[in-house]
Amino acid sequence: MKIAVEGCMHGDLDNVYKTLQYIQDTQNTKIDLLLCCGDFQAVRNERDMESLNVPPRFREMKSFWKYYSGQEVAPIPTIFIGGNHEASNYLWELYYGGWAAPNIYFLGFAGVVKFGNVRIGGLSGIYNARHYHLGHYERPPYNECTIRSVYHVREYDVHKLMQIKEPIDIFLSHDWPLGITDYGNWKQLVRHKQFFEKEIQEKTLGSKPAAQLLEKLKPPYWFSAHLHCKFSALVQHGDGGQVTKFLALDKCLPGRKFLQIVEIESEPGPYEIQYDEEWLAITRKFNSIFPTTNRNSNYGNAQLDMQDCHQWVRKRLQAEGAKPIEFVQTAPPYDPSNSCLNSSSSGYFRNPQTQSFLQLLELPYLLDNSLESREQIHSPVSSIQRGLIDDTSEDIPIDDVDELDELAEVNEQSKNQ
């Protein structure tokens, strides 16, 4: 199976697919799957833009809306995770995963699917210590605080991934696992990204939960993005144990290393995306403690018996099938000839795909607003008083890595002039 891996998409689907088509034509090959490591920016319309946390100069419709509307169709099956520049209102509709557009599948805030016999897992968002132990309390429409915290990784989702026992072939995270630079040529990295050196030396560059998952899951391949550069590493797990090939890639720009083709062993095709039995069992078992408040939660003792749940899910899939239902539009797509926002639309919908998924597992729908969530949305001051957010800065300065990249490039250009 030939898999294309792409770093940060930033809504530039047209150029990525054109690049892949060029590779297929010039190399006389067929690419079976595209994996995107976050900042996908699945912006359907102008209202979704309000849920996108980017500097004003980056607020563009880009090209995802064409694929959402059906004007274009992804030529290659695509699986993506979320990063820190996303239309968070839309991804929240698909918290458990689902088709964001025809042939384009969102893996969920955390998730595992099968493509053929290849198991692909992923964790959306970036790590921020202030919000890690809280529940998913943010709901659209977001305020100036929750538009940032909504994409911060939560312990609940990581804890679910830590329950995986069967081998994972590929894992995706947006930010890098903490300490991954120890396993690659970090000195070469800081020659191009000087502002990473302090964090590398202080061992603060990367995500602690991602590092824990890397140690637990030990996948043969781990792909990331976020820092807008290419970096590879080889992680040896124990003496003579399993090896993880780590690769981070850049954002889609001319002359940047944003794409890599990887060939892995698999069954012969054709391939399709299907639910993963073990992940469904974990989701069903842990949904009873799904956190929806801004309180700290502790999942250290949440070790639930999985055996009966596995058997239940297996029978359910045998009866209902393992394919997700087809893509469903839940919001009007962008219309270039009429750019007015539909003020009657709240921007939040119960996605039929999510409802179908929960019905498959006989689970209640928990993604709607709670009383506490509404209080959070309309009272940013109360959020600050409770210590949930820092109203002046993010814990992780690389949240604004686009600006850092631009500054570094401008400085470099000035030196050469």
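Two strands count as paired here if DSSP finds at least two bridges between them. Keep that in mind for the tour of this predicted model.

**Stop 1: the edge of the first sheet**

Select strand 4 and strand 5, residues 104–106. The two run antiparallel, and 3 bridges join them. Pick Trp 99 next. The bridge partner of Trp 99 is Tyr 105, in strand 5.

Now widen the selection to the whole sheet. Its order is 4-5-3-2-1-12, an open sheet of 6 strands with mixed pairing. Which strands stand at the edges? They are strand 4 (98–101) and strand 12 (259–263). Each has a single partner strand, so one side of each has no neighbour in the sheet. From one strand to the next, the twist averages 30 degrees.

**Stop 2: the helix on that sheet**

Show helix 1, residues 13–27. Helix 1 lies across strand 1 (2–6), strand 2 (33–36), strand 3 (78–80), strand 5 and strand 12. Against strand 12, helix 1 runs at about 50 degrees.

Follow strand 2 into the loop that leads to helix 2 (46–49) and stop at Gln 41. Check the backbone there. Phi of Gln 41 is near 60 degrees, a positive value in a residue that is not glycine.

**Stop 3: aromatic rings**

Turn on the side chains of Phe, Tyr and Trp. With ring centres within 6.5 Å as the cut-off, the count is 25 aromatic pairs. One of them to display is Tyr 95 with Phe 109. Their ring centres are 5.0 Å apart and the planes stand at 45 degrees, so this pair is tilted. Tyr 95 sits in the loop between helix 4 (88–93) and strand 4, while Phe 109 sits in the loop between strand 5 and strand 6 (110–115). The pair therefore ties together parts that are 14 residues apart in sequence.

**Stop 4: the second sheet**

Select the strands in the order 10-11-9-8-7-6-13. These 7 strands form an open sheet, again with mixed pairing. At the edges stand strand 10 (231–236) and strand 13, and each has a single partner strand, so one side of each is left without a neighbour in the sheet. The twist here averages 25 degrees from one strand to the next.

Zoom to the strand 13 edge. Strand 6 and strand 13 run antiparallel and are joined by 3 bridges. Pick Val 113, and look opposite it for Tyr 275 in strand 13.

**Stop 5: two helices on the second sheet**

Show helix 9, residues 208–217. Helix 9 lies across strand 7, strand 8 (170–173), strand 9 (221–224), strand 10 and strand 11 (243–248). The angle of helix 9 to strand 9 is about 165 degrees.

Then add helix 10. Helix 10 lies across strand 6, strand 7 and strand 13, and runs at about 155 degrees to strand 6.

**Stop 6: helix 6 and its partners**

Select helix 6 (residues 155–162) together with helix 10 (residues 277–286). Their axes come within 10 Å and cross at roughly 135 degrees. The two helices are therefore oblique to each other. Helix 6 passes helix 10 in a right-handed crossing. Which residues meet? Helix 6 brings Tyr 156, His 159, Lys 160 and Leu 161, and helix 10 brings Trp 279, Ile 282, Thr 283 and Phe 286. By class, this contact has 5 nonpolar, 2 polar and 1 charged residues.

Swap helix 10 for helix 9. The axes of helix 6 and helix 9 also come within 10 Å, and they cross at roughly 10 degrees. Angles under 35 degrees count as roughly parallel, so helix 6 and helix 9 are roughly parallel to each other. Helix 6 makes this contact with Val 158, Leu 161 and Met 162, and helix 9 with Pro 209, Gln 212, Leu 213, Lys 216 and Leu 217. The residues of this contact are 6 nonpolar, 1 polar and 1 charged.

**Stop 7: cis peptide bonds**

Finish in the loops. Between strand 7 (118–123) and helix 5 (146–149), find Pro 141. A cis peptide bond joins Pro 140 to Pro 141, with omega about 0 degrees.

Next, select Pro 270, in the loop between strand 12 and strand 13 (273–275). The peptide bond from Gly 269 to Pro 270 is cis, with omega near 5 degrees.

How values were computed. Residues are numbered from 1 along each chain as its sequence is written. This is a predicted model: local features need pLDDT of at least 70, side-chain atom pairs count only at pLDDT 80 or more; totals for chains, interfaces and linings use all residues. Side-chain values use heavy atoms; hydrogens and water are left out. Helices (H or I, at least four residues) and strands (E, at least two) are DSSP runs, numbered from the N terminus. Axes are lines fitted to C-alpha atoms, for helices over the stretch in contact, and angles run from 0 to 180 degrees between N-to-C directions. Contact means heavy atoms within 4.5 Å. Angles under 35 degrees count as roughly parallel, over 145 as roughly antiparallel, 65 to 115 as roughly perpendicular and the rest as oblique. A crossing is left-handed if the near helix is turned anticlockwise from the far one by less than a right angle, and right-handed if clockwise. Ala, Val, Leu, Ile, Met, Phe, Trp, Tyr, Cys and Pro count as nonpolar, Asp, Glu, Lys and Arg as charged, and the others, Gly among them, as polar. Rings of Phe, Tyr and Trp (its six-membered ring) pair if their centres lie within 6.5 Å; planes under 30 degrees apart count as stacked, over 60 as edge-to-face and the rest as tilted.
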